[in-house]
Amino acid sequence: MTTLAVENVSKNYGTLETVSNVSLSIEAGERVALLGHNGAGKTTLLRMILGLTPVVSGTIKVLGSNPGSRHSRASIGFLPESVAFHGALTGREQLRHFARLKSVPVHVADDLLDRVGLSNAADRKIRTYSKGMRQRIGLAQALLGQPKLALLDEPTSGLDPISRHEFYDIVEELAQSGTAVLLSSHALTELETRTDRIAIMSQGKLVADNSLVRLRQNAGLPIRVNVTTTAENVDVVAERLGGERINGCSILLTCQQDEKISKLSQITAFGEIIKDVDVTPGTLEELYRHYSVTESEGK
């Protein structure tokens, strides 16, 4: 059974349409990144999945149940963008409180504190926690009860680089255990190798939904090839390849995906005078801009 099924969902606030005919599905164990600028409709969509905002047009099903139903709520782990906890409680007290609300044994809360790297601070008051530490408590509460669907809204906000790496390790573990993950984030560079699919919203519409490889193919963005050669040969190589010399020994050229192999063959034919080749496809940030601008221009 599909974990999350969103079909032709729209939402209006007066005359403002914040979500427009969006369809999106996530299977068990799949990691999907939901991207979009502020006001693109991501938060409204998440609120409808949670059952906090009613679905007026279209349907949403969480493991076959309606949003906000007992079964749906029991199946979802949610980490909001801005977490707020009682500052007078310790991290352990707060997480054990959530565990009791979810009918989860309190020892699971202690295990999760260790998993998110807070075991040494578990008995400190939350008011002494940094933003990143509070975010870790939020992640731990989202993991209580082994959710079938994890909704993570800007989950790495406030986390240092090491903590971000550890967070995505946890996401990988969740996916491997069969949890479907919908992750909304503005931190585009860290999502490229950490998700299975990219969904992009712009002006309330879902303008892209595919793997990174497919998005690149469909966008047709050029591939950048940086060639390093010897100083005495750089001008000749640049002229033959049709590239641009960018410093003493480097040449920058671009090509389309279907031209990459032939271009690389042309480069390697120069032999030993080629010292290095760096091939860079379109980044997720460039793809996001491409699909968002295409939609806003009505193309």
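Helices (H or I, at least four residues) and strands (E, at least two) are DSSP runs, numbered from the N terminus. The model is predicted, with local features needing pLDDT of at least 70 and side-chain atom pairs counting only at pLDDT 80 or more, while totals for chains, interfaces and linings use all residues. Residues are numbered from 1 along each chain as its sequence is written, and side-chain values use heavy atoms, with hydrogens and water left out.

**Exercise 1.** Determine how the axes of α3 and α4 are oriented to each other, and which residues make their contact.

*Solution.* Begin with the axes, which are lines fitted to C-alpha atoms, for helices over the stretch in contact, with angles running from 0 to 180 degrees between N-to-C directions. Those of α3 (residues 91-101) and α4 (residues 106-115) come within 8 Å and cross at roughly 135°. Angles under 35 degrees count as roughly parallel, over 145 as roughly antiparallel, 65 to 115 as roughly perpendicular and the rest as oblique; α3 and α4 are therefore oblique to each other. Next, list the contact (heavy atoms within 4.5 Å): Gly91, Arg92, Leu95, Arg96, Ala99 and Arg100 come from α3, and Val106, Ala109, Asp110, Leu112 and Leu113 from α4. Finally, sort these residues by class, where Ala, Val, Leu, Ile, Met, Phe, Trp, Tyr, Cys and Pro count as nonpolar, Asp, Glu, Lys and Arg as charged, and the others, Gly among them, as polar; the result is six nonpolar, one polar and four charged.

**Exercise 2.** Work out the orientation of α5 and α6 in the same manner.

*Solution.* The axes of α5 (131-143) and α6 (161-176) come within 12 Å and cross at roughly 5°, an angle that makes α5 roughly parallel to α6. In the contact, Arg136, Leu139 and Leu143 of α5 meet Ser163, Phe167, Ile170 and Leu174 of α6, a group that divides into five nonpolar, one polar and one charged.

**Exercise 3.** Identify the elements that supply the lining of the largest pocket and of the second largest pocket.

*Solution.* A pocket is, on a 1 Å grid over the protein atoms alone, an open set of points where a 1.4 Å probe fits, with protein on both sides within 12 Å along at least five of seven lines, and lining residues have an atom within 4 Å of a point. For the largest pocket, α2 (70-75), β5 (76-79), α3 and α5 each supply at least two lining residues, and α2 gives the most, with four. By class, this lining has 14 nonpolar, nine polar and three charged residues. For the second largest pocket, α4 and α6 each supply at least two lining residues, and the lining comprises eight nonpolar, five polar and three charged residues.
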